[in-house]
Amino acid sequence: MMEPGAPYFGAMGSSASGAGGGFYQPFNSNLAGAGSSTGIQSFPCVRLRGLPFDCNDIDVCKFFVGLDIVDCLLVNKNGRFTGEAFVVFPTAMQAEFALHRDRQNMGRRYVEVFRCKKHEYYCAIANEVNQGGYFEPEYRRSPPPPRPRKPSEDKGSMEYTEVLKLRGLPYSATTEDIIKFFLEYELAEENVHIAYRSDGKATGEAFVEFPTAEVAKTAMCKDKMTIGTRYVELFPSTPEEASRAKSRGRH
């Protein structure tokens, strides 16, 4: 997992096409390493509240223009965006500058920006992957309890095709990011299909086609490895499921 404190050069997802990835603006290099000052939080993450319900991670990057962003987690609950987000920066100093955007406007709404703790961010990530939504208040002191493993979730004994499903991707993940994730398998762009909702927003899922079912099964060694700061789950899938996901994303 990439820890905050290291530079992040990942490209934005396809929702940023035409923008040239220009929302990750370079930060003043004279300040970028100055996160050790007394009184500055050690984990470089802030929490946003009051975001427009139609916003996406590109809008959040515009809101923090001039700062570098390592990860942006938009919080969903029961399949709906809550208007909250977590944003991680590469240094504590940048997170401190991000707090200065508190109560500035995004569209017609002013957005609250405040400090958050490391465990809140990681609990939110764990819940996004395991529960499909944001953690409840009782999870704020510890990660959500693990779900009982059902026999059908034993990935080693499941039937494989040449297709794997990825879940828990950063919403800004690109086809190139996924190809790099499976670097040793030498995938082409046409082998990767990122899933989108009918409104064009990424679902956090993708489907990857390998030459054979046997190769796909060996690629399961990547299960629970990370892209950016998000760990990604892999599941056996089928060409039919991948085709349905692609159809849902057309609009």
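In the predicted model, Glu176 is partly exposed, with a relative accessible area of 48%. The side chain of Glu176 meets that of Lys180 in a salt bridge, with an N to O separation of 3.3 Å. Lys180 reaches a relative accessibility of 52% and is therefore classed as exposed, the threshold for this class being over 50%. Both residues belong to helix α4 (residues 175-181), where, being four residues apart, Glu176 and Lys180 are separated by about one helical turn.

The pair in helix α4 is accompanied by further charged contacts, the structure holding 10 salt bridges. Side chains of opposite charge can pair when their charged atoms come close. One of these salt bridges is formed by Arg115 and Glu96, whose closest N and O atoms are 3.2 Å apart. Arg115 is located in strand β5 (residues 109-115) and Glu96 in helix α2 (residues 92-98), so this salt bridge ties together parts that are 19 residues apart in sequence. The two partners fall into separate accessibility classes: Arg115 is partly exposed, at a relative accessible area of 42%, whereas Glu96 is buried, at 18%. The assignment of Glu96 follows because the limit for a buried residue is under 20% relative accessible area.

A salt bridge also joins the side chains of Arg103 and Glu112, with an N to O distance of 3.8 Å. This distance satisfies the criterion because a salt bridge requires a side-chain nitrogen within 4 Å of a carboxyl oxygen. Arg103 is partly exposed, with a relative accessibility of 48%. Glu112 is likewise partly exposed, at 21%. The pair does not stand alone, as Arg49, Arg103 and Glu112 are linked in a network of salt bridges.

Strand β3 (residues 80-88) contains Glu84, a residue that is buried, with a relative accessible area of 13%. The side chain of Glu84 is joined to that of Arg47 by a polar contact of 2.9 Å. Phe81 is also found in strand β3 and is buried, at a relative accessible area of 14%. Beyond residues up to four places away in sequence, Phe81 touches Leu51, Pro52, Phe53, Cys55, Leu74, Val75 and Asn76. With respect to Asn56, which is 25 residues away along the chain, the C-alpha atom of Phe81 lies at a separation of 9.8 Å.

Cys55, one of the residues touched by Phe81, is buried, with a relative accessibility of 3%. The closest cysteine sulfur to that of Cys55 belongs to Cys72 and is 7.6 Å away, which is too far for a bond. Cys116 is buried as well, at 8% relative accessibility. For the sulfur of Cys116, the closest cysteine sulfur is that of Cys45, at 3.2 Å, and this distance is also too far for a bond. Neither pair qualifies, because a disulfide requires cysteine sulfur atoms within 2.5 Å. A search of the whole structure accordingly returned zero disulfides.

How values were computed:
Residues numbered from 1 in each chain as written. Predicted model: local features only at pLDDT ≥ 70, side-chain atom pairs only at ≥ 80, totals over all residues. Heavy atoms only, no water. Helix = DSSP H or I, 4+ residues; strand = E, 2+ residues; numbered from the N terminus. Buried < 20%, exposed > 50% of the residue type's maximum accessible area, 1.4 Å probe, protein only. Polar contact = N/O pair within 3.5 Å; in protein donor to acceptor, adjacent residues only side chain to side chain. Contact = heavy atoms within 4.5 Å.
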